[in-house]
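Work through the exercises below with the model open. Try each task before reading its solution.

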Amino acid sequence: MIDARCSCGAVSISLPGPTRLVAACHCIDCQRRTGAPFGVGAFYPVEAVTIAGTPKEYVRAAESGGRVRCYFCSECGSTIYWKADNLPAMIGVAVGAIADPNFPAPFRSVFERSKHAWVGIDGAGIEHLEQGSARKSLG
Ligand SMILES: [Zn+2]
Ligand SMILES: [Zn+2]
């Protein structure tokens, strides 16, 4: 088991282990959510994770359609995970909240149309999409 948690530790999520379903997303919403030039999410089946704490929910429209529900700590503000209405069986977990430099690299880089020019997501077999869904064809 590995854990993702917020800065203060009030919200955490237990994960069964690393996953290869990791995607980098350069959309403007992920930039604003993270405060970083792009977001990286690891995707798990909802039933495989255990959530502790009581995060606050923020619902927004997704650039790829449908709505996304982001869950963040009301004490420290970190977003730990999110759920997309168009893929209800999966949960996205903020890879930064796992805080493991050896966590698997992204297999897909999406919304590169709004990627900062100096950012490069490199590696063998990485799929690069101008838009697209981080979650499309996962699993
Ligand atoms: Zn917190
Ligand atoms: Zn995004």
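**Exercise 1: the core**

Task: find which residues touch the most other members of the largest nonpolar core.

Solution. This is a predicted model. Start with the core: the largest nonpolar one has 31 residues. Cys25, Ile80, Tyr81, Val93 and Ala94 touch the most other members. Next, trace where the core residues come from. β3, β4, β7 (67-72), β8 (79-84), β9 (90-94) and α2 (95-98) each supply at least two. Then take Ala94 alone. Leaving out residues up to four places away in sequence, Ala94 touches Ala4, Gly41, Thr79, Ile80 and Tyr81.

**Exercise 2: strand β9**

Task: decide whether β9 is mostly covered or mostly open, and list how β4 and β8 join it.

Solution. Check burial: four of the five residues in β9 are buried, so the strand is mostly covered, where buried means 20 or more other C-beta atoms within 10 Å of a residue's own. Now go to β4. It runs antiparallel to β9, joined by five bridges. Tyr44 stands opposite Ile91 of β9. Turn to β8. Two bridges join β8 to β9, again antiparallel. Here Tyr81 faces Val93. Five residues lie between β8 and β9, and the two strands form a hairpin.

**Exercise 3: the whole sheet**

Task: write out the strand order and locate the edges.

Solution. Eight strands make an open sheet of mixed pairing, ordered β6-β7-β8-β9-β4-β3-β10-β11. The edges are β6 (56-61) and β11 (127-128); each has a single partner strand, so one side of each lacks a neighbour in the sheet. Finish with β3 (residues 22-25) and β4 (residues 39-45): they pair antiparallel over four bridges. In this pair, Ala24 stands opposite Val40 of β4.

Key: Residues are numbered from 1 along each chain as its sequence is written. Chains are lettered from A and ligands numbered from 1 in the order in which they are written. This is a predicted model: local features need pLDDT of at least 70, side-chain atom pairs count only at pLDDT 80 or more; totals for chains, interfaces and linings use all residues. Two strands pair if DSSP finds at least two bridges between them. A nonpolar core is a set of buried Ala, Val, Leu, Ile, Met, Phe, Trp, Tyr and Cys residues joined through C-beta atoms within 7 Å. A residue is buried if 20 or more other C-beta atoms lie within 10 Å of its own, exposed if 12 or fewer, and partly exposed in between; C-beta atoms are placed from the backbone. Two residues are in contact if their C-beta atoms, placed from the backbone, lie within 7 Å.
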